[in-house]
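Could you have a look at this one with me? A few notes on helix packing and a chain contact are set out after the model.

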Amino acid sequence: MRPRRLAIDDVGMFEIRIHGRGGQGVVTAAELLSVAAFAEGKDALAFPTFGSERTGAPVTAFCRIAERPIRSREPIVEPDALIVQDTTLLHQVDLFGGVGPEAYVLINTGRGLDELGLDEFAASRFRPERVVTVAATELAREHLGRPLPNAALLGGFAALTGVVSVEAVANAIRGRFSAKIAEGNVAAALAAAEAVREGRTVRA
Amino acid sequence: MRDQLEGSQAVARAVARCRPEVVSAYPISPQTHIVEALSDMVRTGELAPCEYLLVESEFAAMSAAIGASAAGARAYTATASQGLLYMAEALYNASGLGLPIVMTLANRAIGAPINIWNDHSDSMSQRDSGWIQLYAESNQVAVDLHIQAFKLAEALSLPVMVCMDGFVLTHAVEPLEIPTQEQIDAFLPAYEPRQVLDPDDPVTIGAMVGPEAFTEVRYLAHAKQMQALDLVPELAAEFATSFGRPSGGLLRRYRTEGAKTILVALGSVLGTIEDVVDELRDEGERIGALGITCFRPFPIDEVRDALAGADRVVVVERAFAVGIGGIVGQNVRLALSGLPPVVYDVVAGLGGRAITRRSLRGLIEDVDEGSIEPNRLHFLDLDWKLVERELQRLQETRRSGPHAENILRDVGVVAGRSH
């Protein structure tokens with residue numbers, strides 16, 4: 001097991017930033033995360049950066065989870081967790097801007113951090129056990145039949161941070177999609193969660 | 001019971017439970033999710049009886065709402081930005097004729113340059129159109145204001161615009177409570193029109209009025225709208241009793257007791273401002289905030305009372321009047337004329353630029369240190385370097401080209417010119 005902590009910090013707020021591309025379900029991921037947190041009695045606010053609703057364009061979405069009412073609506077500039085749905089953004093967007101040394105980082109890739117050229121960077125900047133890669137696209141292809149990594153990543157996120165439970169993520173997915181699509185996504189999320197719990201990097 | 005919902009979905013459901021009989025709309029971002037949801041509810045029969053009219057333009061949307069309202073139907077529409085401008089002539093007709101239409105405005109900037117993101121340029125451009133304007137600081141308040149808006153509109157026979165920040169609220173997902181059908185039915189009686197086009201009892205609505213009476217009819221428009229200053233607080237109190245939570249009203253004070261500095265704002269930035277107020281209060285600063293929910297009619301006495309004890313009033317507004325400055329600021333100054341508080345006008349959050357806690361804290365610091373001047377328009381987070389580069393180009397070259405494209409090249413959003 002990885003070291004765990006109650007991830008909502010001393011100001012009672014946990015902030016997640018999700019990066020991906022239009023069509024990968026970035027906005028939906030933030031929404032599902034908020035639904036999962038809400039179901040577990042938290043206050044949760046999900047919102048996207050808006051506008052470029054073009055397939056393939058960089059998209060960012062945010063989710064705040066707190067033990068108290070959330071009022072602030074500013075974009076998340078110093079996230080407690082970062083989810084990267086698409087590694088081709090590495091050289092296009094300032095993904096790690098404002099991400100502090102205690103933050104959790106979950107990257108969708110079938111390759112290791114070393115192959116991405118991120119191993120030294122990650123080791124110098126973050127706690128190594130909090131930087132995890134998951135082959136979410138491959139898991140989605142396997143369980144859902146489509147390369148949509150968002151649900152799998154949420155399963156991985158739940159296992160990595162403990163901010164929401166994997167069960168709550170699964171329920172949020174079931175509440176959003178029709179039965180067949182939901183079950184594929186839930187299976188992908190459970191597989192990603194298991195991979196993160198076992199501490200293995202899922203490779204293609 | 002609260003559900004985790006998108007702001008637009010919640011507003012659409014609340015509007016549906018107000019039982020509109022005609023919804024006429026033309027889709028425009030960021031209003032689209034609201035009217036799509038209503039259209040779905042009409043299609044499935046969840047909202048019935050109701051006629052949903054997908055019209056060919058915003059001008060048609062408002063015109064259809066006017067016709068429906070004059071025929072005695074409860075009428076609703078929604079728009080944003082250029083859509084509001086396109087219906088401008090009809091807006092004046094709706095208010096001038098005294099038709100109680102309720103409209104959601106998903107606040108969005110006005111072009112050019114074209115921009116789909118949030119600010120208040122659209123609603124502020126129609127502040128003198130005779131519509132009552134209510135501004136929602138959160139999605140829960142947006143839901144609650146719509147329910148109150150129908151009652152307010154029909155009591156006064158005047159149209160009401162409920163303004164909610166586009167994207168920031170319309171596309172945010174959060175815990176929201178939508179009152180039940182029974183609760184809303186108990187609060188909002190069936191529409192009883194003051195005037196109606198009825199073949200069995202024919203009247204005309206919309207007579208031409210010459211100099212002999214035009215002033216008097218216009219005076220009544222003003223006098224009628226001013227009645228909202230009494231009715232809005234009454235409805236807010238009734239709402240609190242019926243629904244068990246406070247919502248609406250003319251103003252909302254936040255920690256203004258003993259405050260030397262008070263921030264004034266409309267809409268969704270108030271949540272962020274309240275967080276900043278708490279931080280600064282913890283650090284010993286005597287600071288508070290005033291949210292203006294009802295901007296038209298302008299609650300001048302209540303604003304004066306709320307601000308009179310402060311030394312500094314900082315108005316943070318998401319629009320401005322080119323050539324003079326703050327819009328909310330001008331109204332606040334009028335409320336404070338002859339009183340000691342110094343008013344700062346700060347334009348912020350234009351075209352979707354985020355208003356951050358950090359920027360707001362910096363602003364308060366600047367005000368405390370006297371490094372920004374009162375009575376001069378100030379732009380929060382203005383990138384002076386970008387502005388200066390463009391001014392330089394203007395000076396150097398006659399054919400300096402369009403500002404928008406030049407500045408986008410400077411910030412690297414578009415590549416250099418290829419022709």
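The points below go from the ground rules to chain B.

1. Residues are numbered from 1 along each chain as its sequence is written, and chains are lettered from A, with ligands numbered from 1, in the order in which they are written. Please bear in mind that this is a predicted model, where local features need pLDDT of at least 70, side-chain atom pairs count only at pLDDT 80 or more, and totals for chains, interfaces and linings use all residues.

2. Chain B is divided into domain 1 (2-243), domain 2 (251-379) and domain 3 (385-419); such bounds come from an automatic or database domain assignment. Between the C-alpha centres of domain 1 of chain B and domain 3 of chain B there are 41 Å.

3. Now to helix 11 (residues 269-282) of chain B and helix 14 (residues 357-369) of chain B: their axes come within 10 Å and cross at roughly 55 degrees. Helices (H or I, at least four residues) and strands (E, at least two) are DSSP runs, numbered from the N terminus. Axes are lines fitted to C-alpha atoms, for helices over the stretch in contact, and angles run from 0 to 180 degrees between N-to-C directions.

4. Helix 11 of chain B also serves the contact with chain A, giving the most to the side of chain B that touches chain A, with 4 residues. That contact takes 19 residues from chain B and 18 residues from chain A, where contact means C-beta atoms, placed from the backbone, within 7 Å.

Definitions and conventions:
Two residues are in contact if their C-beta atoms, placed from the backbone, lie within 7 Å.
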